[in-house]
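Work through the exercises below with the sequence and the structure in view. Try each task before reading its solution.

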Amino acid sequence: GGAAAVEDSYTDFAIAFSPEMVEGLTVGYAKGDQQTGINIDNSKSTGYIKYATGGFTVGYQVSEADHDTKTSSADVVAYGITYAVNDDFSIGYHSHTYEPDSGASSSASNDQESTGVSASYTMGGMTLAGAMNETDNSRGLASNDFESYEFNLSFAF
């Protein structure tokens, strides 16, 4: 049949492994493939490693999206570290880089880079949390730089 008769298909899987010999370590991988229309393939994959020991948790993730149209393809790298100072107070730093395919238009081909610092303090049923985030080259455009701040006070009853 013609293009109208072609069915979409989608397959995905994921696996995570936490070996007993390395307490606190988790390694994972996921992949998804989609076939839409005639000969249009979309493939996404991600892998990560996370390690927690004492008050520290460190994570690193790499993702890739491949699509038959280059402007839909991208690579992503993200990492973060958090530290639980004590049972009540924790702090963290995180980074995320989105790299569009080099075939994208020159006006939107800059890497989008985001970083953030966060902290939270819990006392009884009250939590005070805050975050400061910065994004450079949002949506791949050099003129799109943003800073954001979030402060949160919550109560549990």
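**Exercise 1: The overall fold**

Task: Write down the order of the secondary structure elements along the protein chain.

Solution. Read along the sequence, the protein chain gives the pattern β-β-β-β-β-β-β-β-β. Counting the elements gives nine strands and zero helices. The model is a predicted one.

Next, look at burial. The protein chain has 157 residues, and 18% of them count as buried. The cut-off for buried is a relative accessible area under 20%. The accessible surface of the protein chain is about 10,600 Å², and carbon and sulfur atoms hold 56% of it.

Last, look at contacts. Among contacts in the protein chain with a separation of 6 or more, 33% are between residues 24 or more positions apart.

**Exercise 2: Pairing of β7, β8 and β9**

Task: In what sense do β7 and β8 pair, and over how many bridges? Then do the same for β8 and β9.

Solution. Step one: β7 and β8 pair in the antiparallel sense, with 11 bridges. Step two: β8 and β9 also run antiparallel to each other, and this pairing has 10 bridges.

Step three is to follow one row of bridge partners. Start at Val-117, whose partner in β8 is Met-132. Go on from Met-132, whose partner in β9 is Tyr-149.

Step four is to inspect the connections. The hairpin of β7 and β8 has two residues between the strands, and Gly-124 takes a positive phi near 60° there. Between β8 (126-136) and β9 (146-155) there is a loop, and Asn-137 lies in this loop. Asn-137 has a positive phi of about 60° although this residue is not a glycine. Asn-137 counts as buried because its relative accessibility is 17%, and the cut-off is 20%.

**Exercise 3: Two neighbours in one strand**

Task: Is Ser-114 buried or exposed? Which residues does Thr-115 touch, not counting residues up to four places away in sequence?

Solution. Begin with Ser-114, found in strand β7 (residues 112-123). Its relative accessibility is 15%, so Ser-114 counts as buried. Not counting residues up to four places away in sequence, Ser-114 touches His-94, Ser-95, His-96, Glu-134 and Thr-135. With Thr-135 there is also a polar contact of 3.1 Å between the side chains.

Now take Thr-115, which is found in strand β7 as well. Thr-115 has a relative accessible area of 31%, so this residue is partly exposed. With the same exclusion of residues up to four places away, Thr-115 touches Tyr-93, His-94, Ser-95, Met-132, Asn-133 and Glu-134. The C-alpha atoms of Thr-115 and Thr-135 are 6.6 Å apart in space, and the two residues are 20 apart in sequence.

As background, in a regular strand the side chains alternate between the two faces of the sheet.

**Exercise 4: Aromatic pairs**

Task: How many aromatic pairs are there? Describe the pair of Phe-13 and Tyr-29 and the pair of Tyr-79 and Tyr-93 by distance and angle.

Solution. A pair of aromatic rings is described by the distance of the centres and the angle of the planes. The count comes to three aromatic pairs. In the pair of Phe-13 and Tyr-29, the ring centres are 6.0 Å apart and the planes stand at 50°, so the pair is tilted. Phe-13 lies in strand β1 (residues 9-17) and Tyr-29 in strand β2 (residues 25-36), so this pair ties together parts that are 16 residues apart in sequence. Phe-13 is partly exposed at 47% relative accessibility, and Tyr-29 is partly exposed at 35%.

The rings of Tyr-79 and Tyr-93 have centres 6.4 Å apart and planes at 45°, so this pair is tilted. Tyr-79 is in strand β5 (residues 74-84) and Tyr-93 in strand β6 (residues 89-100), 14 residues apart. Tyr-79 has a relative accessible area of 41% and is partly exposed. Tyr-93 is partly exposed too, at 33%.

**Exercise 5: Sequence distance and space**

Task: Where does Asp-8 lie, and how many residues apart in sequence are Asp-8 and Thr-36?

Solution. Asp-8 lies in the segment before β1. Asp-8 counts as exposed because its relative accessibility is 53%, and the cut-off for exposed is over 50%. Asp-8 and Thr-36 are 28 residues apart in sequence, while their C-alpha atoms are 4.7 Å apart in space.

Note on methods:
Residues numbered from 1 in each chain as written. Predicted model: local features only at pLDDT ≥ 70, side-chain atom pairs only at ≥ 80, totals over all residues. Heavy atoms only, no water. Helix = DSSP H or I, 4+ residues; strand = E, 2+ residues; numbered from the N terminus. Buried < 20%, exposed > 50% of the residue type's maximum accessible area, 1.4 Å probe, protein only. Contact = heavy atoms within 4.5 Å. Areas by Shrake-Rupley, 256 points an atom, 1.4 Å probe, with all protein chains shown as cover. Polar contact = N/O pair within 3.5 Å; in protein donor to acceptor, adjacent residues only side chain to side chain. Phe/Tyr/Trp six-rings, centres within 6.5 Å; stacked < 30°, edge-to-face > 60°. Pairing = 2+ DSSP bridges.
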